[in-house]
Amino acid sequence: IYIFVVMCFHDMGVHGDSLTILQAPEFVSFQKGEWPVSGEKIPDLVALTMGFSVQEDLAWPGLRAASLFQRPRANVLVVVRGVDSLTLPQSVASYHLENPVPFTLDDVAETVHSLFAEDTPVVLQLAPSEERLYMLGKANAVFEDLPVTLQQIRARLSQDGSVLTSLPLNSLSRNAEADLLFLSEVQVLHDITALLLRHKHLARDHSPDIYSLELSGLEELGRVYGQDSPQYRDATAILASVLQKFAEDVYGLYGNSAVVEVVTVKNFEAPLTRKSRSILESKQISNPGSPYNLAYKYNDEYAVVFNIVLWLMIALAIAVIAISYNLWNMDPGYDSIIYRMTNQKIRMD
């Protein structure tokens with residue numbers, strides 16, 4: 001199960017758009033150094049940390065080859081837009097992000113679902129500001145109550161367990177539209193960890209999980225109030241604290257076997273065109289004609305059938321070799337009853 005958090009900000013000595021690793025297990029080695037990474041390569045980076053193959057090799061020294069026998073159990077990707085900097089002191093490494101083009105984890109999500117369709121992988125892609133939710137797999141039943149629309153999230157803010165009772169709002173207002181958008185995104189992060197706490201079996205199975213969250217509340221606050229406003233500064237401090245705790249909680253829930261990444265992007269260089277999909281869509285992958293060139297699905301009996309066929313072929317090959325060797329080295333006069341009887345008949349005649 002894998003957890004990735006991607007956000008847009010400058011931090012830990014990296015100025016401009018950046019990729020920051022908040023949490024990573026020991027067997028996923030991120031090297032500290034000044035190695036910029038391209039925004040379009042983020043999905044490949046996520047796939048490699050999860051142990052999946054990519055079409056093109058990622059020639060980036062920041063990630064060393066991982067263990068063949070271990071891989072993270074979760075990957076959460078959080079994209080935070082319109083942020084200059086976030087103070088995240090407890091991070092593993094940070095890298096400059098070049099070519100900040102929009103990206104998605106659609107291909108990685110389809111791979112996870114196709115390979116582990118019979119299990120319970122969590123595949124969750126959520127953008128509260130756009131009221132977009134996309135889920136795959138049997139874990140739909142767990143997250144189907146997650147508030148999706150802005151109206152649902154704002155209603156959630158007035159219920160028990162709301163983040164409004166624990167956050168220092170300071171200059172932020174509970175009535176302003178931009179402020180509520182930001183607070184609703186913080187509430188979604190809180191609710192995701194709360195649902196995982198109630199359904200811990202999802203974090204303990206052997207199928208990898210992937211989360212892709214897009215947050216644009218700070219971008220809206222900067223547009224409405226300006227980046228020098230007290231509202232923007234208070235929201236930046238709140239989000240940094242919430243993300244740090246979110247990463248620690250998810251990392252702990254998955255038994256210290258999760259990668260949490262943060263990518264900060266001030267502005268994307270090109271608009272992102274997404275194919276619209278219905279909420280709570282559960283799409284089953286059929287391998288023939290798959291646009292992602294995925295392998296064929298197999299069931300739990302695959303290993304049994306494979307071993308039967310393999311060892312039967314080996315046994316038949318050994319039998320053919322042994323028979324051929326004996327036939328080649330046989331003495332027709334002594335080893336063959338046909339030739340023996342023929343020789344006796346010749347003597348009698």
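How many of the 8 residues of strand E8 (residues 258–265) are buried? Keep that in mind as you click around; what you have open is a predicted model.

**Stop 1: strand E8.** Select residues 258–265. Here's the count: 8 of the 8 are buried, so E8 is largely enclosed by the rest of the structure. Now look at where the residues of E8 point. Ala258, Val260, Val262 and Thr264 go one way, while Val259, Glu261, Val263 and Val265 go the other. Yes, Glu261 is in there too, and it is buried like the rest of that list.

**Stop 2: strand E1.** Add residues 18–23 to your selection. This is E1, and it pairs with E8 in the antiparallel sense, with 5 bridges between them. To see a spot where they meet, click leucine 19: across from it in E8 is valine 263.

**Stop 3: strand E3.** Next, pick residues 74–81. E3 also pairs with E8, but here the sense is parallel and there are 8 bridges. Try valine 80, whose bridge partner in E8 is threonine 264.

**Stop 4: glycine 62.** Now hop to the loop between helix H1 (42–49) and E3, where you'll find glycine 62. Is glycine 62 buried or exposed? Its relative accessible area is 0%, so glycine 62 counts as buried. What does glycine 62 touch, leaving out residues up to four places away in sequence? Show Ser29, Phe30, Gln31, Trp35 and Tyr95, and you have its contacts. For a last click, take the C-alpha atoms of glycine 62 and serine 29: they are 8.3 Å apart, although the two residues are 33 residues apart along the chain.

Notes:
Residues numbered from 1 in each chain as written. Predicted model: local features only at pLDDT ≥ 70, side-chain atom pairs only at ≥ 80, totals over all residues. Heavy atoms only, no water. Buried < 20%, exposed > 50% of the residue type's maximum accessible area, 1.4 Å probe, protein only. Helix = DSSP H or I, 4+ residues; strand = E, 2+ residues; numbered from the N terminus. Pairing = 2+ DSSP bridges. Contact = heavy atoms within 4.5 Å.
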